[in-house]
Amino acid sequence: MRDQVEIGRGRTAMRAYDLDDVEIVPSRRTRSSKDVSLSWQIDAYRFGIPLVTHPTDAIVSPATAVRVGELGGLAVLNAEGLWARHSDVEDVMFRLVTAAEDDDDPAAAVRLLQELHAAPIRLDLLSQSIKEIRESGSHVAVRVSPQHAEELTPDLLAAGVEILVLQGTIISAEHVARDGEPLNLKRFIAELDVPVIAGGVGDYRTAMHLMRTGAAGVIVGFGHATSTTTTEVLGIGVPMATAIADAASARRDYLDETGGRYVHVLADGGISTSGDIAKAIACGADAVMLGEPLALASEAPAQGYYWTSAAAHPSLPRSEIFPVPSTDYDLETLLFGPSSDPLGTVNLFGALRRAMAKTGYSDLKEFQKVGLTVRR
């Protein structure tokens, strides 16, 4: 039974833990880093490292999507973002960065982003971006919101999308609305020939509901980073260690329920260092969804700034356009080193490999069994 804490007369809350609250415990065995595999597979698609990018224009352009694929990860392009609405995205990025540097008007950049996202989605631009990724040989994944999923998906599939990411701040198995027909996720997924990754979720019950819709992967978390303001705006937050463990428990129960159907758990939020990546996998994640840590790369389109897609909401933005520390690291160095940085922000997956070796585990599924302690 989960710990219940009384917060006042007649009102209790569940005790939960963030990644900062847990630590990995070494076992009696160690092994060479050369004997450790970081590969993972979702549906028919295999990847060299458990990396999925957060679908924000700040880090994912068609060019960076190709580069992430070359390095073994999966990049997710935002099908409702700038590359789907504007042909001159480099100029658009320059305008956004200039607005973000205006100290006299801190909200200028968000207003500009809202204005830019008010432009209509152009399927010709979106198809061209998808074609560029596909022709490179990289796997093609795009993100759509639940509100536009049924409208955009046929054109996305026709353009060559291989993995569909259905992502919003919070996703449920069925969105209830008074006006219009709700998106029935189970029916929607059943009609598709491509795997669907859906989320975010923050608890066992919602994760289980999404698994029962037929999703191939469930995103845990709401993309929490330095720039996000979901907690400040909506009061909604999720301690990631507990949320990942709950989703992993739902995955295990769903596996038993279906007699063998495995649904992948992707951790999205609260991950800023290589140690956070290791702890997310240790808590039960199959892969991590990285956003802000990748904004440090010299190839990142936003030139040292980061935001999530929620920043462009027309009436209730939930992300700032936030500066990240400038670095001279390219994406390959950021992921695999070498590093002279002692803080865990460079050589992210080299560090994961080392953590697995130091605790004696040879692959990601084994590493999910590593011991954990809680800071009190």
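**Exercise 1.** Which residue follows α9, and what is the sign of its phi?

*Solution.* Look just past the end of α9. Gly259 follows α9, and its phi is positive, near 75 degrees. The model is predicted: local features need pLDDT of at least 70, side-chain atom pairs count only at pLDDT 80 or more, and totals for chains, interfaces and linings use all residues. Residues are numbered from 1 along each chain as its sequence is written, and side-chain values use heavy atoms, leaving out hydrogens and water.

**Exercise 2.** Check the span of helix α9 (residues 240-258) against its residue count.

*Solution.* Helices here are DSSP runs of H or I, at least four residues, and strands are runs of E, at least two, numbered from the N terminus. The expected span is 1.5 Å times one less than the number of residues. For the 19 residues of α9 that gives 27 Å. The end C-alpha atoms are 26 Å apart, which agrees.

Next, find what covers α9. Its buried residues (under 20% relative accessible area, with exposed over 50%, partly exposed in between, 1.4 Å probe, protein chains only) include Ile244, Ala247 and Tyr254. Their cover includes β3 (22-25), β12 (264-269) and α10.

**Exercise 3.** Place Ala280 and list its contacts beyond its neighbours within four places in sequence.

*Solution.* Ala280 lies in helix α10 (residues 274-283). Ala280 is buried, with a relative accessible area of 0%. Contact means heavy atoms within 4.5 Å. By that test, Ala280 meets Leu19, Ile244, Ala267, Ile271, Ala285 and Val288. Now go along the chain: Asp18 is 262 residues away, yet the two C-alpha atoms are separated by 9.8 Å.

**Exercise 4.** How do helix α2 (residues 89-100) and helix α3 (residues 108-117) cross?

*Solution.* Take the axes, lines fitted to C-alpha atoms over the stretch in contact, with angles from 0 to 180 degrees between N-to-C directions. They come within 7 Å and cross at roughly 155 degrees. That makes α2 roughly antiparallel to α3 (over 145 degrees; under 35 is roughly parallel, 65 to 115 roughly perpendicular, the rest oblique). Then sort the contact residues, among them Val92 and Leu96 in α2 and Leu112 and Leu116 in α3. They divide into 9 nonpolar, no polar and 2 charged. Nonpolar covers Ala, Val, Leu, Ile, Met, Phe, Trp, Tyr, Cys and Pro; charged covers Asp, Glu, Lys and Arg; the others, Gly among them, are polar.

**Exercise 5.** Which residues does the cis peptide bond with omega of about 5 degrees join?

*Solution.* The bond joins Gly337 and Pro338. Pro338 sits in the loop between α11 (331-336) and α12 (348-358).
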